[in-house]
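Hi everyone, thanks for coming. Let me put today's chain up on the screen, and then we'll walk through it together.

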Amino acid sequence: MDSRRESLLKFLSSIEEEDVINKEKKTESSYTSLPQHIPPVNPQIMRELAFRVERSAKDLNSMVGWLEGEMSSMSQHTTSFVDIHSATVDDVTASTDTTVKTVYSLLSKAGGLQKDMTKIEMMSSHLKSINKYLERLDNTLAALKPPLSQENRFT
């Protein structure tokens, strides 16, 4: 980029204003159909134009470099966010699997407890019926015999 600039500046500086004016006069005389209001090319304007074009190219180059850095940073952040998301999904999946297994285990144990409770409920109803029969027997015996003292009585 610098070598192009230097060569352009050397070229422009080597051109004398008089040479440009003379060439323009020759061109004007050879082309009679051209309008007379076209001004001659000013080498100073060409130098300024070359300078501004080079400065714009440098600015554009630095802007593209900055954008490249930003895109690289965004790509790195995106990659890390995807990795974090993937790890989180894996953890949630593992936790969910563990929870489901635990729920199935609890349901199985609850089914076992229900079977045990059925046996206990049957025993409880048997004990209640035995208690009723004992109370009837006690009432029947109490009606047949004189009241027993409290110590000898079944309760």
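Let's begin with charge pairs: a search of the whole structure turns up 2 salt bridges, a salt bridge being a side-chain nitrogen of Lys or Arg within 4 Å of a carboxyl oxygen of Asp or Glu. Before I show them, some housekeeping: this is a predicted model, where local features need pLDDT of at least 70, side-chain atom pairs count only at pLDDT 80 or more, and totals for chains, interfaces and linings use all residues. Residues are numbered from 1 along each chain as its sequence is written, and side-chain values use heavy atoms, with hydrogens and water left out.

Now the pairs. R52 and E48 join through their side chains at 2.8 Å, N to O. They sit 4 residues apart in helix α3, so about one helical turn separates them. R52 is partly exposed at 47% relative accessibility, and E48 is partly exposed too, at 32%. For the cut-offs, buried means under 20% relative accessible area, exposed means over 50%, and partly exposed is in between, with a 1.4 Å probe and protein chains only.

The other bridge links the side chains of E54 and K58, at 3.6 Å, N to O. These two also lie in α3, 4 residues apart, about one turn of the helix. Is E54 buried or exposed? At 8% relative accessibility, E54 counts as buried, while K58 is partly exposed at 46%. As a reminder, an α-helix has 3.6 residues a turn, so residues three or four places apart point the same way.

Let's zoom out. The chain has 3 helices and 0 strands, in the order α-α-α; these are DSSP runs, with helices being H or I of at least four residues and strands E of at least two, numbered from the N terminus. Helix α3 covers residues 43-144, and its 102 residues should span 152 Å at 1.5 Å a residue, which agrees with the 146 Å between its end C-alpha atoms. That expected span is 1.5 Å times one less than the number of residues.

At the N-terminal end of α3, N42 acts as a cap, with a side-chain oxygen 3.1 Å from the backbone nitrogen of Q44. Within α3, the buried residues are P43, A50, E54 and D138. Across the chain's 155 residues, 5% count as buried.

How sure is the predictor? Mean pLDDT, the predictor's confidence in each residue from 0 to 100, is 82 for the chain, and 73% of residues reach 70 or more. Among the elements, α3 has the highest mean, 91, and α2 (residues 17-30) the lowest, 59. Where pLDDT is low, the predicted coordinates should not be read in detail.

So, to wrap up: please keep that α2 mean of 59 in mind, and take a look at the bridges in α3, R52 with E48 and E54 with K58. Thanks, everyone!

Note on methods. A polar contact is a pair of N or O atoms within 3.5 Å; within protein, one must be able to donate a hydrogen and the other to accept it, and residues adjacent in sequence count only if both atoms are side-chain atoms.
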